[in-house]
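Student: I would like to learn how the words used for a protein model are tied to its values. Could we go through them one at a time?

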Amino acid sequence: MRAARCHTLGGPPVVEEVPEPRGEVPVDVHFAAVNFADVLVIEGTYQVKAEVPFIPGSEFSGTVARDGHGFRVGDRVFGSAFIGAFAERVAVSAASLHRIPAAVPMEGAAAFGVSHATAFNALRLVADVREGERVTVLGAAGAVGLAAVELALLLGAEVIAVASSEEKRAVCAELGAHTVLPYEHLKRALQEAGGADVVVDPVGGPHSEQALRGMRWGGRFVSVGFASGEIPSIPLNLAMLKGVTIHGFDFGGWARHDRERLAAARIELHRLFAEGAVHPRIHAVHPLDEVGAALRVGRGAIGKVLLEVARGV
Ligand SMILES: NC(=O)c1ccc[n+]([C@@H]2O[C@H](COP(=O)([O-])OP(=O)(O)OC[C@H]3O[C@@H](n4cnc5c(N)ncnc54)[C@H](OP(=O)(O)O)[C@@H]3O)[C@@H](O)[C@H]2O)c1
């Protein structure tokens, strides 16, 4: 089978013939999503290092290739893994696979699992967003950000989307964000808008503190990532004076410490997906051979970047 494989950490993935993977459920990959973490794994800067040579790719949709473990050949599934998805076939545990709802196309299924679950868990499990609350999303046109805008609206929140370009802000407004803001003068703009009850922050850097300063009394600030590359240091007096609580969400931690609540939230989110209430935005689809171009889109993406992986093409 063909796959994009990294032979050195930091080196570009090479599309080549590789052995078929071994594992519980083999899946013929139709689409693989490029996630922020994949880029870090390829660079060798992710918190967990992959052993070379390895096939990157952590999220995919496709069809089951062998009967067993509750699945039949041809079942449409989506799933995630640490690595292995930038390939014609991936083999994963049955527990990490989910069936694609009948009305959902393969592309949408590959773009949904990671970003929407991250956003939903930040909003629902951690911040417990209530109808009518004001939710500010930083990096709102990124994959997690757009998912957070969409899901906060579904939860009945008033949404303030913060993004770096007019094009990005226009997409957030089209999705239904009530207010769109640039990062400049963020604290003042948030205060003028009445203050945020909840901030979802996948960006980090200096904007985190400005967003926190723009929060209302009793707000919940949820850090989910540091796409800017900078982990901010927050003066704790802000939390004290504003009665704000600062939280984080990370899949790994929740999977280790509170798997049951994570699973319950997943059921709730997957129900929304099956009902057609959630529509991941796809920025671009590249063929597997253009994996390098797909990885280079980076901050330019509005939503998700996908690789299309069709066997024998
Ligand atoms: N905690 C978890 O379990 C979890 C799960 C998934 C992802 N994450 C993390 O969440 C973060 C966002 O992921 P994502 O999938 O939304 O990424 P993404 O689609 O690339 O979006 C990231 C956004 O961050 C902003 N940004 C600011 N500086 C940037 C820079 N130097 N490079 C790239 N983007 C920059 C950009 O928005 P502007 O241009 O508007 O600033 C961009 O749209 C990442 O750190 C990722 O690792 C965490």
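Tutor: Let us begin with a term: a nonpolar core is a set of buried Ala, Val, Leu, Ile, Met, Phe, Trp, Tyr and Cys residues joined through C-beta atoms within 7 Å. A residue is buried if 20 or more other C-beta atoms lie within 10 Å of its own, exposed if 12 or fewer, and partly exposed in between, with C-beta atoms placed from the backbone. This is a predicted model, in which local features need pLDDT of at least 70 and side-chain atom pairs count only at pLDDT 80 or more, while totals for chains, interfaces and linings use all residues. Residues are numbered from 1 along each chain as its sequence is written.

Student: Which residues touch the most other members of the largest nonpolar core?

Tutor: That core has 98 residues, and those touching the most other members are Ala32, Val137, Ala140, Ala148, Ala161 and Val200.

Student: What is Val200 in contact with, leaving aside its neighbours within four places in sequence?

Tutor: Two residues are in contact if their C-beta atoms, placed from the backbone, lie within 7 Å, and Val200 has such contacts with residues including Ala119, Leu123, Val137 and Ala148.

Student: Why is the protein chain called as compact as a globular protein of its length?

Tutor: The radius of gyration is taken over C-alpha atoms, and the globule rule is 2.2 Å times the number of residues to the power 0.38. The protein chain has 11 helices and 15 strands (DSSP runs of H or I, at least four residues, and of E, at least two, numbered from the N terminus). Its radius of gyration is 19 Å, close to the 20 Å that the rule gives for 313 residues, so the chain is as compact as a globular protein of that length.

Student: How much of the protein chain do buried residues make up?

Tutor: Buried residues make up 46% of the 313 residues.
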